[in-house]
Amino acid sequence: MSAGQQIHPVLSLDVYRRVKAYSAKRGMSLGAIVEEALRRYLDDSGDVALILGRLDRNGRGLERLKRDLELLSEFQSVFVRMWFAHTPQIVESERETAQRLGAKRFEQMLDFVSKRFSAGHRLSEDLVGETIGDDNELAAAAAKGDLHGTSTTK
């Protein structure tokens, strides 16, 4: 056995009996079982838990992005179908005027979208109505890893 620090924890009789039975079943000493259990407990409440929490948050973010992309793709598909169904063909003599007017209207639309986007308005939020998490969610997950007095900062 390698050198270490001896401790004298007090266990309830129920937990002691369960640990004793487990050690007999596994052929391990009580000290080895306690050390392994403490190691796993401390690993779960440290950087590993924080990293897993961040990965989970990133996974949820990717799912939201996928949903939003699918929603916007469907929105565009419906718009194009409606446009083709309700827009008459332009005769050759009016084509140049229509192209100028179309370019002007397109610029107006870009200005409108730019203003709404820079103001923080998103179409996907209008259609879905779901509030998306922010940096406070990450802070709460990081604090959760510190519930037992372990610090994740160095």
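In this short talk I will go through the helices, the salt bridges and the two largest pockets of this structure, which is a predicted model.

Let me begin with the helices, since the rest of the talk refers back to them. Helix 1 runs over 13–26, and with its 14 residues it reaches 20 Å from its first C-alpha to its last, which is close to the 20 Å expected at 1.5 Å a residue. Helix 3 covers 47–86, and the same kind of check can be made there: its 40 residues should span 58 Å at 1.5 Å a residue, and because the end C-alpha atoms are 58 Å apart, the expectation and the model agree. If you would like to find the buried residues of helix 3 on your screen, they are Leu50, Gly61, Arg64 and Asp68.

Now please look at the end of helix 1 and what comes after it. Ser23 sits in helix 1, and we can ask whether Ser23 is buried or exposed. Its relative accessible area is 9%, and since buried means under 20%, Ser23 counts as buried. Leaving aside residues up to four places away in sequence, Ser23 touches Met28, Ser29, Leu30 and Ile33. Just after helix 1 comes Gly27, which has a positive phi, near 70°. Ser29, one of the residues that Ser23 touches, belongs to the loop between helix 1 and helix 2, and with 43% relative accessibility Ser29 is partly exposed. Measuring from C-alpha to C-alpha in the model, Ser29 lies 9.8 Å from Val19, while the two are 10 residues apart in sequence.

Let me turn to the charged side chains. As a general point, side chains of opposite charge can pair when their charged atoms come close. How many salt bridges does the structure hold? There are 7 of them, and I will walk through three.

The first that I want to show joins Arg39 to Glu36, with 3.6 Å between the closest N and O atoms. These two residues are 3 apart in helix 2, so about one helical turn separates them. Both ends of this pair are partly exposed, Arg39 at 43% relative accessibility and Glu36 at 30%. The pair also belongs to a wider arrangement, for Glu35, Glu36, Arg39 and Arg40 are linked in a network of salt bridges.

Another salt bridge brings together the side chains of Arg60 and Asp56, at 2.5 Å from N to O. Here the residues are 4 apart in helix 3, which again means a separation of about one helical turn. Arg60 is partly exposed at 32% relative accessibility, and Asp56 is partly exposed too, with a relative accessible area of 45%.

My last example is in helix 4, where the side chains of Glu96 and Arg100 meet in a salt bridge at 3.3 Å, N to O. Because Glu96 and Arg100 are 4 residues apart in that helix, they are also separated by about one helical turn. Glu96 has 56% relative accessibility, and since the cut-off for exposed is over 50%, Glu96 counts as exposed.

Finally, we come to the pockets. The largest pocket has a volume of about 930 Å³. It is lined by 23 residues, and those closest to its centre are Phe75, Phe79, Met109, Val113 and Leu123. Which helix gives the most to this lining? It is helix 3, with 9 residues, although helix 4 (95–118) and helix 5 (123–128) each supply at least two as well. Sorted by class, the lining of the largest pocket consists of 12 nonpolar, 5 polar and 6 charged residues.

The second largest pocket has a volume of about 630 Å³. Its lining is made of 20 residues, and nearest its centre lie Gln5, Gln6, Ile7, Gly31 and Val34. Helix 1 and helix 2 (30–44) each supply at least two residues of this lining, and helix 2 gives the most, with 6. By class, the lining of the second largest pocket divides into 12 nonpolar residues, 7 polar ones and 1 charged one.

Methods. Residues numbered from 1 in each chain as written. Predicted model: local features only at pLDDT ≥ 70, side-chain atom pairs only at ≥ 80, totals over all residues. Heavy atoms only, no water. 1 Å grid on protein atoms, 1.4 Å probe; cavity = no way out; pocket = protein on both sides within 12 Å on 5 of 7 lines; lining within 4 Å. Points joined across faces, edges and corners; volume = space filled by probe spheres on them. Nonpolar A, V, L, I, M, F, W, Y, C, P; charged D, E, K, R; others polar. Salt bridge = Lys/Arg side-chain N within 4 Å of Asp/Glu carboxyl O. Buried < 20%, exposed > 50% of the residue type's maximum accessible area, 1.4 Å probe, protein only. Contact = heavy atoms within 4.5 Å. Expected span 1.5 Å × (residues − 1).
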